[in-house]
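Here's a walk through one model, feature by feature. Have the structure open and follow along.

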Amino acid sequence: MMSKYVQEMSIDGDEPPPSFTTKEILDPSPPLTSIPIIDLSLLSSPSSQQIQELQKLKEALGSWGCFQAINHGISGLFLDKVREVTKQFFALPTMEKQKVGQGVDDNQGYGNDPVHDWVDRLLLRLIPYESRNLNVWPTNPTEFREILSEYSEKVKEIVELLLKAMARSLNIEEDSFLKQYEKQEQMAVRFNYYPKCPKPESVLGFKAHSDRSVITILLQDAEVEGLQMFKDDQWYRVPIIPHALVVNVGDQLQIMSNGIMKSPMHRVSTNSERNRISVATFHSPNAEVEIEPLQNLIDEERPQQYRKLKNYAAFSYACFQSGKIPLDLVKI
């Protein structure tokens, strides 16, 4: 934990400390790109449209590794409520937010990351239910817990729909990815607050990384851009589509799909004039589940790309701390 929250530094007009300066080359305004858009309502539609949308999904995940999901079943009105309670929480006085501060031995709660990104966050575990530390679930705003509980159930349904559709897009049994979990799943949510930054040309909200999850579902800020994706040696800005959810493949799905689906590198830029929020939900098997490429995605043309392992999250974190790329180390 740093001595001062990023939000406090921003409000006080502090210069970002040298430890926040990135070694990455930051283009102040990389090209805006339209990453693929997938209509989730068509993925379970009994028609030729489903076949076309599954093909689009397969192409999106094999090239970009991400897409914007529309018609996902969560109303725009409810997504606005999720954004609103996020803003209300981060607008509270520091002392009030510290009531749900992260503990020494538990990363759940309000705090910041030791890697010096220009972001404060509230990290909460959602599934399994017994992993929830309700002591760090905010009661202010008063609607926060109720809205989060409802949002987590809706996202869980989307994840299951997507994992089945992804399997069907590869012409394998639709429960193929889900079976690797055997219901031993984990889900966590991270509420991100990126305050105004005086040095957007040298400080990132989140440094370049790929997610250690199976799937990540991101609710972007409704107005302020910041998410960037890396493809073909180029960074691209991801546009805001009202009420869409950004879905991206995590490292564990790249492993399970034997490298057919790509876990994209992404980062978050900062903004000198506006604050930004986002809400990321991460879905993974639990630490004891061994993951490996599905046998029916291995053949002579595409031999097994990755070895079997468990507790990928801890492995990935250790690699991140030492500057190594975990997917490279899991490759056979």
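## The cavity

Search the whole of this predicted model and you find 1 cavity of 30 Å³ or more. The volume of that largest cavity comes to about 40 Å³. What lines the largest cavity? The residues around it are Val82, Val85, Phe144, Ile147, Leu148, Tyr151 and Phe191.

Two elements, α3 (76–90) and α5, each put two or more residues into the lining. The biggest share is from α5, which gives 4 residues. Sort the lining by class and you get 7 nonpolar residues, with no polar and no charged ones.

## Where α2 meets α5

Helix α5 (residues 144–169) also has a helix partner to look at: helix α2 (residues 48–63), whose axis comes within 9 Å of the α5 axis. The two cross at roughly 90°, which means that α2 is roughly perpendicular to α5.

On the α2 side, the contact is made by Gln50, Leu54, Leu57, Lys58 and Leu61. From α5 come Ala165, Met166, Arg168 and Ser169. By class, that contact splits into 5 nonpolar, 2 polar and 2 charged residues.

## The eight-stranded sheet

Now for the sheets. One is an open sheet of 8 strands, and reading across it the order is β1-β2-β10-β7-β12-β5-β4-β3. The pairing is mixed. Which strands stand at the edges? They are β1 (37–39) and β3 (109–111); each has a single partner strand, so one side of each is left without a neighbour in the sheet. On average, neighbouring strands of this sheet are turned by 25° against each other, direction ignored.

Look at the pairing of strand β7 (residues 215–219) with strand β12 (residues 276–285): the two run antiparallel and are joined by 5 bridges. To find your place there, start at Ile217, which stands opposite Thr281 in β12.

## Helices on the sheet

Helix α2 packs on this sheet, where it touches β1, β2 and β10 (245–249). The direction of α2 makes about 145° with that of β1.

Helix α3 lies across β3, β4, β5 (185–194), β7, β10 and β12. Take β12 as the reference and α3 runs at about 110° to that strand. Recall that α3 is also one of the elements giving two or more residues to the cavity lining.

## The four-stranded sheet

There's also an open sheet of 4 strands, in the order β6-β11-β8-β9. Here the pairing is antiparallel. The edge strands are β6 (206–209) and β9 (234–237), each of them pairing on one side only. From one strand to the next, the twist averages 20°.

Strand β8 (residues 227–231) is a handy place to trace the pairing. With strand β11 (residues 266–268), β8 pairs in the antiparallel sense over 3 bridges, and Leu227 has Val268 of β11 as its bridge partner. With β9, β8 is joined by 4 bridges, again antiparallel, and here Gln228 has Arg237 as its bridge partner.

How many residues lie between β8 and β9 in their hairpin? There are 2 residues between the strands, and Asp232 in the turn has a positive phi of about 50°.

## Backbone details worth a look

Two cis peptide bonds are worth picking out. One joins Ile127 and Pro128, with omega about 0°. The other goes from Asn140 to Pro141, where omega is near 5°. Where do these prolines sit? Pro128 is in the loop between β4 (120–127) and α5, and Pro141 lies in the loop between β4 and α5 too.

Asn71 deserves a stop as well. Its phi is near 50°, a positive value in a residue other than glycine. You'll find Asn71 in the loop between β2 (66–70) and α3.

Key
Residues numbered from 1 in each chain as written. Predicted model: local features only at pLDDT ≥ 70, side-chain atom pairs only at ≥ 80, totals over all residues. Heavy atoms only, no water. Axes fitted to C-alpha atoms, helices over the stretch in contact; angles between N-to-C directions. Parallel < 35°, antiparallel > 145°, perpendicular 65-115°, else oblique. Contact = heavy atoms within 4.5 Å. Nonpolar A, V, L, I, M, F, W, Y, C, P; charged D, E, K, R; others polar. 1 Å grid on protein atoms, 1.4 Å probe; cavity = no way out; pocket = protein on both sides within 12 Å on 5 of 7 lines; lining within 4 Å. Points joined across faces, edges and corners; volume = space filled by probe spheres on them. Pairing = 2+ DSSP bridges.
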